[in-house]
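User: Please take a close look at one part of this model and explain it in plain terms.

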Amino acid sequence: MSIDRTDKWRAGQSVLLRDATVPTCMLDDETAPNNQDYCRLDILLRGGLIERIAAEINLQEGDDLCVVDMDGGMVWPTLVDMHTHLDKGHIWPRKPNPDGTFDGALTAVGEDRGENWTAEDVRARMDFSLRCAFAHGTGAIRTHLDSIPPQDSISWPVFEEMRQAWAGRIELQAAALFGIDMLQRDETFLKQIVERIAETGGVLGAVTYMIPELDQNLDEIFQAAIDTGLDLDFHVDETADPSARSLHHIAQAALRNGFEGKLVCGHCCSLARQEEEETNATLDLVAKAGIGIVSLPLCNMYLQDRVSGRTPRWRGVTLLHEMKQRGIEVAVASDNTRDPFYAYGDLDLVEVFREATRIIHLDHPIGNWPASIASTPGRMMSIPGRGWIKEGNPADLILFGARTWAELLSRPQSDRKVVRAGEQIDQTLPDYRELDYLMGAV
């Protein structure tokens, strides 16, 4: 029996996705063909799992399953958004960025945090954001949490509530976010925040910049991470200033301290403003230290090189192509949504990849760039099963009508279908009006 691709199948029913196009980089090595960007396959879903993947799956007599003719439509795994800010999301209506600059964003967020970030407020906005991400097809998220006291005592417990409430739908991780100069201002801070992170199973992180104590502070953070077995995720050089070289210092610190955990650096914008000899030296160190890089193209293009009355001269993104050529793992992610750091966005990684392809030229060929929102961030977050279409994996998939990259990247794909544990979900997006009670006059 064949049904239209857009119809739902019965709850609990086994499903054969016939003639699906799957990006090769989203298949495990045993299934993927060589030297092809994508391939046509049949995918059998049974009992909430991907039971079989083959060029053609023959039906057995009396097999009660639904056959969905994909007619070449793409099938993706659910995606991995490894750099977000769920605690900041959707505050724009009550605290917009006055001029769209980075400094304007810092000031606006600081004011809003001090005035409004109660447990109720953070919880409601986090849940709203997660419902958006789930509807779009995201299966795992790492969020950075503003962790300067007293906010840490509010946001971290709320995050733990959300992680438990969303278990089985979105796998959640949290990373601490604070300016690295906090280590000078409060000698007890690092010990306290490390204890909080360790209790929650989170990730240690900081915003790094060129202060005189940078190397000393990095050593303190690396040693704290080593002592407690924590991974690290830094905000790095989010500026156009070519003298911002903290990525170089982080790579040196990782090697100097013999760090063996997962280490990720986000943004790294200033690298694209430096001389080639300097960037080569830094990238060689990054590769040697095993650092993964996550680029946030939408947010960085929004904030960087913004001067009133002048057209921006650069895109604000880091050197992903040069990194990838050195074997450095690279990912792209959403970053902020509807807050002073980025006025737009909806935690839709399909949108992020579409725009990243245009901004950073992740095409001609596409190659394995789609892995940058799937299996690559899954590995960087130590959840290696995420972002793959593989026999035995949960049947967590995104179904598209688009058959080629040109079709997929030309439209928003608002007609995609999201499948979790073998069943289509309700993809109704939450209405912004739900948050009006937190925003005041809108």
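Which residues does serine 14 touch, not counting residues up to four places away in sequence?

Analyst: This is a predicted model, in which local features need pLDDT of at least 70 and side-chain atom pairs pLDDT 80 or more, while totals for chains, interfaces and linings use all residues. Residues are numbered from 1 along each chain as its sequence is written, and side-chain values use heavy atoms, without hydrogens or water.

Serine 14 touches Leu45, Arg46, Asp64, Leu65 and Cys66 (heavy atoms within 4.5 Å). With arginine 46, the serine 14 side chain also forms a side-chain polar contact of 3.4 Å (a donor and an acceptor, N or O, within 3.5 Å; neighbours in sequence count only through side-chain atoms on both sides). Serine 14 lies in strand 2, residues 14-23 (a DSSP run of E, at least two residues; helices are runs of H or I, at least four). Its relative accessible area is 10%, so serine 14 is buried (under 20%, against over 50% for exposed, with a 1.4 Å probe and protein chains only).

Burial can also be followed in helix 5, residues 189-200. There the buried residues are Phe189, Leu190, Ile193, Val194, Ile197 and Thr200. They fall within an arc of 130° seen down the axis, and therefore line one face of helix 5 (the arc uses directions from the axis to the C-beta atoms). These buried residues pack against helix 3, strand 9, helix 4 and helix 6. The face turned away from the buried side of helix 5 carries the exposed residues Lys191 and Glu199. After helix 5 comes glycine 201, with a positive phi near 70°.

Definitions and conventions. The expected span of a helix is 1.5 Å times one less than its number of residues.
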